[in-house]
Amino acid sequence: MSIELKDTDIIWRNARLATMNPTISNMDGKHNYGILEQYDLIIRAEKILAVLPTESVPANRCEVIDAEQRLITPGLIDCHTHLVFGGNRASEWEQRLNGISYAQISAKGGGINATVNATRQSSAQQLEISAQKRLSALIAEGVTTIEMKSGYGLDLENEEKQLDVIRILGQKNPVEISPTLLSAHAVPPEYKHNPDAYIDLVCNTILPSLWQKQLFESVDVFCESVGFSLEQTKRVFDAARRLNIPVKGHVEQLSNLGGTELVADYQGLSVDHIEYLDEKGVQAISRSGTVAVLLPGAFYFLKETQCPPIALLRQYRVPMAISTDFNPGTSPFTSLRMMMNMACVQFGLTPEEAWQGVTIHAARALGRSESHGQIAAGYMADFIVWDAKEPVDILYELGRNPLVYRVYRGVITHNFL
């Protein structure tokens with residue numbers, strides 16, 4: 001390949017590239033992180049222009065940055081979070097550890113209703129300030145793309161308030177945000193005795209109104225015994241389909257209702273949690289191309305024992321993504337690297353599978369497989385330079401941040417030299 005460089009192009013040289021490009025294999029035919037050595041990473045504006053052997057790159061007056069033998073990977077993608085909410089539920093966690101049941105806590109106004117109440121009472125500015133702290137931590141650790149859900153407002157005004165805050169965070173930070181409408185997260189207290197009427201509100205008012213304002217790009221539903229039934233979930237998906245909005249689902253976390261198969265019927269982007277997923281469900285998402293999103297933080301925090309069916313997912317070649325699931329009740333962790341480690345330790349993923357889970361597969365879970373998640377020509381120039389030699393180092397030693405440079409759309413946003 002011959003290219004003509006411009007003076008404004010940037011060349012990253014002398015790096016070890018873990019491209020995560022599935023077309024690149026080693027001498028044994030294994031993917032092996034798509035490692036390339038003695039290759040230059042050439043950036044033009046916001047995108048990767050080319051990845052070429054160093055000796056073939058023409059001389060030019062453009063800027064050359066020496067990576068000094070460091071590791072470069074794609075930017076991390078956190079594809080499932082609940083980052084914007086009011087209040088704090090640390091006291092509830094302490095109560096549970098002291099022997100008080102979740103049912104008792106909920107009866108006193110705790111649980112998700114406590115977060116809904118706090119979110120409704122919080123101003124947009126208050127929600128932004130608290131979410132910014134969490135987002136800054138994720139960005140500083142290497143996240144360049146992140147999904148954020150609504151779902152703690154549970155009425156038109158407050159769902160819009162959450163999504164407005166998400167939009168503002170995207171405008172103020174060097175990160176790409178994928179906003180998701182999760183109005184069907186729980187039944188709000190005012191609809192406690194008539195959940196179907198709340199689904200009417202979601203389908204007929206909240207969803208179309210906020211879609212018209214371009215505040216989200218996909219629709220999610222918590223389909224579970226403590227959430228919404230299959231029929232209620234189908235109603236929300238039908239409302240989304242009428243507007244050509246992609247769907248995804250919180251499914252099979254606590255039981256097997258068949259939510260995964262329903263998501264597959266709608267060619268959904270992802271099914272998330274899936275601890276109780278069975279072979280029939282795995283077959284369904286294998287056919288539909290839906291991504292399985294693993295959330296080890298919630299599994300850990302809730303002391304669950306039912307692991308997702310990793311062997312079946314491998315058998316049917318279902319792409320597995322990994323995410324923090326950051327939320328106030330079950331996964332209060334702003335570290336995607338820790339989730340990679342947990343996925344290996346708790347679920348038995350290989351380190352390479354964990355890396356795929358926060359790059360190429362996470363990009364696919366957000367409908368961005370053609371533009372994000374790997375180092376390849378035409379992809380967004382979102383990547384991380386690490387003080388490391390091997391990709392496994394990044395999820396092995398926690399507590400120390402090995403990030404040296406964070407590059408977002410071709411621009412260095414963080415320099416920890």
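The legends below describe an overall view and several close-up views of a predicted model.

**Figure 1. Overall view of the protein chain, with its 15 helices and 16 strands.** The radius of gyration is 22 Å, close to the 22 Å that the globule rule gives for 417 residues, so the protein chain is as compact as a globular protein of that length. Taken along the principal axes, the box filled by the C-alpha atoms is roughly 70 × 45 × 45 Å. Of the 417 residues, 57% are buried. Among contacts with a separation of 6 or more, 71% join residues that are 24 or more positions apart. The accessible surface of the chain comes to about 17,200 Å², and carbon and sulfur atoms contribute 49% of this surface. The chain carries 37 positive and 48 negative side chains. The centres of these two sets of charges lie 2 Å apart.

**Figure 2. Close-up of helix α5, residues 156–172.** This helix has 17 residues. From its first C-alpha to its last it reaches 24 Å, close to the 24 Å expected at 1.5 Å a residue. The buried residues of α5 are N158, E159, E160, K161, Q162, L163, V165, I166 and L169. Their packing partners include three helices, namely α3 (112–121), α4 (124–140) and α6 (195–212). The buried residues of α5 also pack against the strands β7 (143–149) and β8 (176–184).

**Figure 3. Close-up of A137 in helix α4.** Helix α4 is one of the elements against which the buried residues of α5 pack. A137 has a relative accessible area of 32% and is therefore partly exposed, since this class lies between the limits of 20% and 50%. A137 and T334 are 197 residues apart in sequence. In space, the C-alpha atoms of A137 and T334 are 6.3 Å apart.

**Figure 4. Close-up of V282 in helix α9, residues 279–288.** The relative accessibility of V282 is 0%, so this residue counts as buried. Leaving aside residues up to four places away in sequence, V282 touches L277, P309, L312, L313, Y316 and V318. A264 is 18 residues from V282 along the chain, and the C-alpha atoms of the two residues are separated by 9.6 Å.

**Figure 5. Close-up of G249 in strand β10.** G249 is buried because its relative accessible area is 2%, whereas a buried residue is defined by a value under 20%. When residues up to four places away in sequence are not counted, G249 touches D220, V221, V263, S270, V271 and D272. G249 and I274 are 25 residues apart in sequence. The C-alpha atoms of G249 and I274 are 9.7 Å apart in space.

**Figure 6. Close-up of E68 in the loop between β4 (63–66) and β5 (71–74).** E68 has a relative accessibility of 48% and so counts as partly exposed. Residues up to four places away in sequence aside, E68 touches R13 and N14. One of these contacts, N14, is 54 residues from E68 in sequence. The C-alpha atoms of E68 and N14 are 5.7 Å apart.

**Figure 7. Close-up of A45 in the loop between β2 (35–44) and β3 (47–53).** Most residues other than glycine have a negative phi. A45 is not a glycine, yet its phi is positive, at about 60 degrees. With a relative accessibility of 63%, A45 counts as exposed, a class that requires a value over 50%.

**Figure 8. Close-up of N244 in the loop between α7 (230–242) and β10 (247–251).** N244 is a residue other than glycine with a positive phi, near 60 degrees. The relative accessibility of N244 is 68%, so N244 counts as exposed. Strand β10, which bounds this loop, is also the place of G249.

Notes. Residues are numbered from 1 along each chain as its sequence is written. This is a predicted model: local features need pLDDT of at least 70, side-chain atom pairs count only at pLDDT 80 or more; totals for chains, interfaces and linings use all residues. Side-chain values use heavy atoms; hydrogens and water are left out. Helices (H or I, at least four residues) and strands (E, at least two) are DSSP runs, numbered from the N terminus. The expected span of a helix is 1.5 Å times one less than its number of residues. Buried means under 20% relative accessible area, exposed over 50%, partly exposed in between (1.4 Å probe, protein chains only). Contact means heavy atoms within 4.5 Å. The radius of gyration is taken over C-alpha atoms; the globule rule is 2.2 Å times the number of residues to the power 0.38. Accessible areas come from the Shrake-Rupley method with a 1.4 Å probe; for residues, only the protein chains shown count as cover. Lys and Arg count as positive and Asp and Glu as negative; His and the chain ends are not counted. The place of a charge is taken as NZ of Lys, CZ of Arg, CG of Asp or CD of Glu.
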